[in-house]
Amino acid sequence: MSTEKTSKALPIMAEADIAIARIAPETSFKNKAYEALREAILKMDIYASPEPVMLDERALSERLGVSRTPIREAIAMLEQDGFVKTVPRRGIVVVRRTKSEIVDMIRAWAALESMAARMITTIARKKDITALRDYFKDFGKDRPPQEHIEEYSKANIAFHQALISLSESPVLVDMTNDILLHVRGYRQLTIGRTDRIAASLPEHLAIIEALEERNTELAEKLARDHTLGLATYVETHGQELFS
């Protein structure tokens, strides 16, 4: 009796007959090409010049060391995601947003970053918050940002990405990654303007101080207002940025 009960409780497991197709090499290459191209596009400064940023299928194939088939498939995926578009008789162009779209994106970033600031005040370690000061340690009265615009611009972008990262929220990171390409480009375009850069460093340091003091409401407000200031500037002066 006990033997029968045991055999019923523990039936012999048969190997599952799963209908699964072998992964084709081209499929793997397509996904790898997509990731490589997406990462490369996200690192581009597509607003540095008024000229469109074009991609060459043959050059991409040579650079990535794969045939043109996975490149075409990757391009199709990027086009579906809104990163590029195929223009008849011209080729593949990296998509740039209109001024109105950029303003909306910056406002969205302001909301996301203010939420990140709120979360940082409740979960981040003191040393990680204090480390935010390192982005601006090379700038001050003796070394004003306006005299080192390119260097300060890089520090500025890194600081804003660090704020999102310190929230430890994968959702916030993913959501900001989708708009980083465009918001970053316009931050770089505007940071050299006299009326923007003068306020930039004090505003950053005020945000850090509020975070260090765990002043949640103030940190959230300062982070939001700082980025909304960029949105207002782009809305007002957007047409002048390429002049």
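The secondary structure of this protein chain comes to 10 helices and three strands. The model is a predicted one.

**Exercise 1. The chain as a whole**

Describe the order of helices and strands along the chain, and state what share of its residues is buried.

Solution.
- Step 1. Reading along the sequence gives the pattern α-α-β-α-α-β-β-α-α-α-α-α-α.
- Step 2. The chain has 243 residues, and buried residues make up 38% of them.
- Step 3. Consider contacts between residues at least 6 apart in sequence: 77% of these join residues at least 24 apart.

**Exercise 2. The two sides of helix α3**

Work out how the buried residues of helix α3 are arranged around its axis.

Solution.
- Step 1. Helix α3 covers residues 57–64, and Glu57, Leu60 and Ser61 are buried in it.
- Step 2. Seen down the axis of α3, the buried residues fall within an arc of 100 degrees, so they line one face of the helix.
- Step 3. A general rule helps here: an α-helix has 3.6 residues a turn, so residues three or four places apart point the same way.
- Step 4. The face turned away from the buried side of α3 carries the exposed residues Arg58, Glu62 and Arg63.
- Step 5. Now look at the ends. At the start of α3, a side-chain oxygen of aspartate 56 comes to within 3.2 Å of the backbone nitrogen of arginine 58. Just after α3, glycine 65 has a positive phi of about 70 degrees.

**Exercise 3. Helix α7 and its packing partners**

Classify the packing of α7 against α8 and of α5 against α7, and list the residues that make each contact.

Solution.
- Step 1. Two packed helices are described by the angle between their axes and the distance between the axes.
- Step 2. For α7 and helix α8 (residues 170–190), the angle is about 165 degrees and the axes are 11 Å apart. Angles over 145 degrees count as roughly antiparallel, so α7 is roughly antiparallel to α8.
- Step 3. The crossing of α7 and α8 is right-handed. On the α7 side the contact is made by Ser153, Asn156, Ile157, His160, Gln161 and Ile164, and on the α8 side by Leu172, Val173, Thr176, Leu180, Arg184, Arg187 and Gln188.
- Step 4. For helix α5 (residues 99–123) and α7, the angle is about 55 degrees and the axes are 8 Å apart. That makes α5 oblique to α7.
- Step 5. The crossing of α5 and α7 is left-handed. Here α5 contributes Trp109, Leu112, Glu113, Ala116, Ile120 and Ile123, while α7 contributes His160, Leu163, Ile164 and Leu166.

**Exercise 4. Two residues with different settings**

Decide whether tyrosine 152 and serine 114 are buried or exposed, and name the residues they touch beyond four places in sequence.

Solution.
- Step 1. Tyrosine 152 belongs to helix α7, which spans residues 149–166.
- Step 2. The relative accessible area of tyrosine 152 is 0%, so this residue is buried.
- Step 3. Tyrosine 152 touches Phe136, Phe139, Pro145, Ile191, Ile197, Ser200, Leu201 and His204, with residues up to four places away left out.
- Step 4. Tyrosine 152 and glutamine 188 are 36 residues apart in sequence, and their C-alpha atoms are 9.6 Å apart in space.
- Step 5. Serine 114 is in helix α5. Its relative accessibility is 5%, so serine 114 counts as buried.
- Step 6. A polar atom of the serine 114 side chain lies 2.8 Å from the backbone oxygen of alanine 111. Apart from neighbours within four places, serine 114 is in contact with Glu220, Ala223 and Arg224.

**Exercise 5. Residues in loops**

Find the loops that hold arginine 89 and arginine 214, and describe the phi of each residue.

Solution.
- Step 1. As background, most residues other than glycine have a negative phi.
- Step 2. Arginine 89 lies in the loop between β2 (84–87) and β3 (91–94). Its phi is positive, about 65 degrees, although arginine 89 is not a glycine.
- Step 3. Arginine 89 has 85% relative accessibility and therefore counts as exposed.
- Step 4. Arginine 214 lies in the loop between α9 (194–212) and α10 (216–237). The phi of arginine 214 is also positive, near 60 degrees.
- Step 5. With 34% relative accessibility, arginine 214 counts as partly exposed.

Note on methods: Residues are numbered from 1 along each chain as its sequence is written. This is a predicted model: local features need pLDDT of at least 70, side-chain atom pairs count only at pLDDT 80 or more; totals for chains, interfaces and linings use all residues. Side-chain values use heavy atoms; hydrogens and water are left out. Helices (H or I, at least four residues) and strands (E, at least two) are DSSP runs, numbered from the N terminus. Buried means under 20% relative accessible area, exposed over 50%, partly exposed in between (1.4 Å probe, protein chains only). Contact means heavy atoms within 4.5 Å. The arc is that of the directions from the helix axis to the C-beta atoms. A polar contact is a pair of N or O atoms within 3.5 Å; within protein, one must be able to donate a hydrogen and the other to accept it, and residues adjacent in sequence count only if both atoms are side-chain atoms. Axes are lines fitted to C-alpha atoms, for helices over the stretch in contact, and angles run from 0 to 180 degrees between N-to-C directions. Angles under 35 degrees count as roughly parallel, over 145 as roughly antiparallel, 65 to 115 as roughly perpendicular and the rest as oblique. A crossing is left-handed if the near helix is turned anticlockwise from the far one by less than a right angle, and right-handed if clockwise.
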